[in-house]
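Good morning, and thank you for coming. I should like to take you through one structure, element by element.

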Amino acid sequence: MKLDLLVRANEILTMDPDRPIATAVGVISERIVGFDEEVTDMEAERTLDFDDACITPGLIDAHCHTTWWGLGLDAVDLSGCRGLEEVYAKIEAEAERLSGDDDAWVHGTGFNQAHHGGRFPDIGRIDEITGNRPLYLRHASGHSSITNSATLHLIGASHSTVQDPAGGIVVRDDEGKPTGVLEEAAQGLVQALLLPYSTERIIRALDAATERYAAQGITSFTEAGIGGGWIGHSPVEVAAYQAAAESGHLHARAQLMPSMDALQPLTGHPADFHHQGTGLGLGLGIRYGFGDDYVRFGHVKVFLDGSLLGATAAVTESFCGHDHNTGYLLDEPETYRERALCAYRAGWPLALHAIGDVAIDLAMDLIEEAQDRYGRGEAPCRIEHFGIARPDQVERAGILGIAVAPQAGFIGPLGDQIATLVGPERESWLYRGRSVIDAGALLAGSSDLPVADNNLRRGMQSAVDRRTDKGLPFAAGEAITPEEALRTHTEWAARATGQFRDKGTLERGKLADFTVFSESPLIARNIAQIDIVATILGGRLSYDAREAHRNSTPELQLLSGTS
């Protein structure tokens, strides 16, 4: 038998206790067939030798927003602005750039009021800059947006008497006039004017985004909400993923969470859907797990509350500096209960966005009732973010056997802002790690890109040292080990997404997805400073820093005619 690929390195961390370390791995038809003595004497079509590098299972981002980020790569990036004058200057420059196209919108992304003394842009000032040109600026959290008067007029929200949509707020000043800020579901009023994006545009966004994923060592990701609500980009979004994969424009494996809003009532035989006869799902009864190794359906995504950055997460006690503001649930608990149970019995494990402790209580109630009535499925139910989790909730997560997906990557750039919002009494509850593992729940690593970047090495280091970018400790008691940090993006992420049979560890029969680090993340002084040498997807290089380096040498630049 001839191998398609033989990969060698000084150290291969398999994360498999039966064979934790190897120096060679063989691949046939995108799958691992053996290690070391099992393959070293076999002939191979190709051999990749990474010398002193360290190879691990391919990194998995268990919760991100790929299409949103990919589309935003063409928008004005406001994340680096410090002071509203910089924001206004960027908006003005973009408006001038678009001056030849009367129908073009000004799009921006990454605004965070913490970088501007807690202030949002003044709608009057924005109106002076943009005039009648519509504007749509996405907040860094994704849970609010900023518009101008032209946009408010288009959506019919330019006067004080307009009613807020269910699950959202058109923010107004003391006189009742809209400020231009839209929270949560109110963003859908603007998106209704922009959607759907064309399949071709989404493919381009996926190509650009996942090419960057490969450069970060990411081989798989879970898209946390498609096809419905304010998180979706097209009712046929899945077709864009399929087409991207078929045309070679998807550079990482995608698991897609349909938004709850994308599910429709289904009626089958009275014995179907756990003998209820009805459920919520996709046409033809398609459910969780349907697809192939490159595009596959995951959990159903359910938004229960808002965000910490926007102080809209549903919490028991007020946010600091926001008296009587405890956030809010985006719908009635009974509505969530009915829809969640219908989806679960139709074969969709639940992934419930719950940041505040009130929302986490509701999420656990829904999961517990679903599991008690219909049993536990192969894939565990999940709580996305698990942002402010009380000790009793951590214990309950373990009892229920659920997975939680907090974002350690928030700790560096956003930790100071988040800690200030909840105060010192609740800081130890934030974006937990150690206590989740000790309680027996699954801790899945995720970036929530574009809320934070998808440099998963930086997130892993934050999970270990629990320090903000200012050097301050952040829920320090929740620190985990480097090995555990790596498992959050390999084994535990695979288990949380229900894909452990194919991913998460390097074992015979599993997919040949590898991340090649410049040194071992288990012993490096700082995981964030390790380089990604290469990324291998199904036995093929999806990223090779060595090739990129060769192509960037002056000699090659001259030969290619570039300057």
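I begin with a single pairing: Glu-11 has Cys-54, in strand 5, as its bridge partner. Before going further, I note that this is a predicted model, in which local features need pLDDT of at least 70, side-chain atom pairs count only at pLDDT 80 or more, and totals for chains, interfaces and linings use all residues. Residues are numbered from 1 along each chain as its sequence is written, and side-chain values use heavy atoms, with hydrogens and water left out. Helices (H or I, at least four residues) and strands (E, at least two) are DSSP runs, numbered from the N terminus. Two strands pair if DSSP finds at least two bridges between them.

Strand 5 (residues 54–57) pairs with strand 1 (residues 3–13) in the parallel sense, over two bridges. Strand 5 is also joined by four bridges to strand 23 (residues 514–517), and these two run antiparallel. There, Cys-54 stands opposite Phe-517 of strand 23.

Let us turn to an open sheet. Its six strands follow the order 7-8-9-10-12-11, with mixed pairing. At the edges are strand 7 (76–77) and strand 11 (168–172), each of which pairs on one side only. Within the sheet, strand 8 (residues 106–111) and strand 9 (residues 135–139) are parallel and share five bridges; Thr-109 has Arg-138 of strand 9 as its bridge partner. Helix 5 (residues 187–194) packs on the sheet and touches strands 8, 9, 10, 11 and 12, with a direction at about 125° to that of strand 9. Helix 3 (residues 123–130) lies across strand 9, strand 10 and strand 12 (178–184), at about 100° to strand 12. Such axes are lines fitted to C-alpha atoms, for helices over the stretch in contact, and angles run from 0 to 180 degrees between N-to-C directions.

Is Ser-144, in strand 10 (residues 144–147), buried or exposed? Ser-144 is buried, because its relative accessible area is 6%; buried means under 20%, exposed over 50%, and partly exposed in between (1.4 Å probe, protein chains only). Beyond residues up to four places away in sequence, Ser-144 touches Arg-138, His-139, Leu-182, Glu-183, Glu-184 and Gln-187, contact meaning heavy atoms within 4.5 Å.

Glu-94, in helix 2 (residues 84–97), also counts as buried, because its relative accessibility is 11%. The side chains of Glu-94 and Arg-97 are joined by a polar contact of 2.8 Å (a pair of N or O atoms within 3.5 Å; within protein, one must be able to donate a hydrogen and the other to accept it, and residues adjacent in sequence count only if both atoms are side-chain atoms).

Finally, the interior. A nonpolar core is a set of buried Ala, Val, Leu, Ile, Met, Phe, Trp, Tyr and Cys residues joined through side-chain atoms within 4.5 Å. The largest has 125 residues, and Leu-304, Leu-308, Trp-348, Ile-383, Phe-386 and Ile-418 have the most contacts inside it. Helix 10 (residues 357–374) supplies the largest share of this core, nine residues. Apart from this core lies another, of 20 residues, among them Ala-9 and Leu-48.

Buried residues of helix 10 include Ile-360, Ala-363, Met-364 and Ile-367, and Ile-383 is in contact with these four, among others. Helix 9 (333–345) and helix 11 (391–400) are among the elements covering the buried residues of helix 10. After helix 10 comes Gly-375, with a positive phi near 85°.
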